[in-house]
Amino acid sequence: MSRASSSEPFVHPALFYRGTEQYTAATLSFLLEGLAAGEAVAVAVPGPNLELIKARLGSRAGRVKLLDMTEAGRNPGRIIPRVLRAFADAHSVGRVRIIGEPIWAGRTAVEYPACVQHEALINAAFQGRQVTILCPYDADRLEPQVIADAYATHPVVINADGELASETYDPERVIARYNEPLAYPPGAATFSFNAEDLPKARYFAVQEAERLGLAGVRLQDLMLAVAELTTNSVRHGGGSGTVRIWAEGEQIACEVHDRGRLTDPLAGRQPPARHQLGGRGLMLVHYVADLVRLHTAPEGTTVRFYLTH
């Protein structure tokens, strides 16, 4: 893994593995290299894979930060600020080494666009930093499109043939491709608002969510998210907007649409600059929601979030 562990400021390889033996051999080698070099090391992968790595590390597991990605990264929009940057920022001296597996066979079609955008955005979020992030992909269980997207979001790939530069690396294209229009059901409850209607918009969303079965802390999360998004619409999105809410299986989907245009694809995924206007509300929505999807176009922006009952 010489290139993946090089002294370049930021290194972001994808690991295509087949079976648990390939997975554990490659990840263990990566981690032991980091420990031997005195680097801060973390692992954020789905629970079963975390147990495999932990078992192979043995007594060395205490020197590695271990996180279950199905919990820490359930919302892909939280992975950069709450997992990757949280660890890297806490170890600002020397190189940091992380295994991050945000895409696995259990991810849903609704989650996937946010996952692949996350992988593309890592490159901008860590540009120039002394960080190596290895992203494993299960080549046996993931769809061919997922593997193709991994080539586009990682400048370096590792497979059975060794380590090589990706010939299709183009993260900006991936970000644009998955900036998809977000369809909503015809029966979605809808409320249009302006500055004077902000309390009514929050009340509308809470009442509808309660009617759909949301309660307790989850209801408070929805109220907070709607308050942040509708306020952003008034301040930064043209002064007005629309709230929609409906049920999708075991989740409540809620979105706010306005005439603003979100120009920073990392908005909500990293702390805004000290004097920057806006950005904090969207980050808070990422923190409380189980999933956040965004679509921005010249005519406006939609922020949709999901909460599980």
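Two strands are taken to pair if DSSP finds at least two bridges between them. In the predicted model described here, V43 of strand β3 stands opposite L66 in strand β4. The two strands, β3 and β4 (residues 65–68), pair in the parallel sense, and four bridges connect them. Between them the chain passes through helix α2 (residues 47–57), and the resulting β-α-β crossover from β3 to β4 is right-handed.

Strand β3 also pairs with strand β5 (residues 96–100), again in the parallel sense, over five bridges. In β5, I99 is the bridge partner of V43. V43 therefore has a partner in β4, namely L66, and a partner in β5, namely I99, where pairing rests on bridges found by DSSP.

Strand β3 itself, residues 40–45, is mostly covered, with six of its six residues buried. In a regular strand, side chains alternate between the two faces of the sheet. In β3, the alanines A40, A42 and A44 point one way, while the valines V41, V43 and V45 point the other way. Residues on either side of β3 are buried.

Helix α8 comprises residues 198–211. For its 14 residues, a rise of 1.5 Å a residue gives an expected span of 20 Å, and the end C-alpha atoms lie 20 Å apart, so the two values agree. The buried residues of α8 are L198, A201, F204, A205, V206, E208 and A209. Their cover includes strand β9 (189–194), helix α9 and strand β10 (240–248). After α8 comes G213, which has a positive phi, near 110°.

Helix α10 spans residues 280–288, and its buried residues include G281, L282 and M283, along with V285, H286 and V288. These buried residues pack against two helices, α4 (79–90) and α9 (216–236), and against two strands, β12 (291–297) and β13 (300–308). Helix α9 thus appears both in the cover of the buried residues of α8 and among the elements packed against α10, with contact taken as heavy atoms within 4.5 Å.

Outside the helices and strands, E143 lies in the loop between strand β6 (131–138) and helix α6 (144–153). E143 has a relative accessibility of 55% and therefore counts as exposed, the cut-off being over 50%. The C-alpha atoms of E143 and A105 are 8.5 Å apart in space, although the two residues are separated by 38 residues in sequence.

Technical notes. Residues numbered from 1 in each chain as written. Predicted model: local features only at pLDDT ≥ 70, side-chain atom pairs only at ≥ 80, totals over all residues. Heavy atoms only, no water. Buried < 20%, exposed > 50% of the residue type's maximum accessible area, 1.4 Å probe, protein only. Right-handed = clockwise from strand over helix to strand, strands pointing away. Expected span 1.5 Å × (residues − 1).
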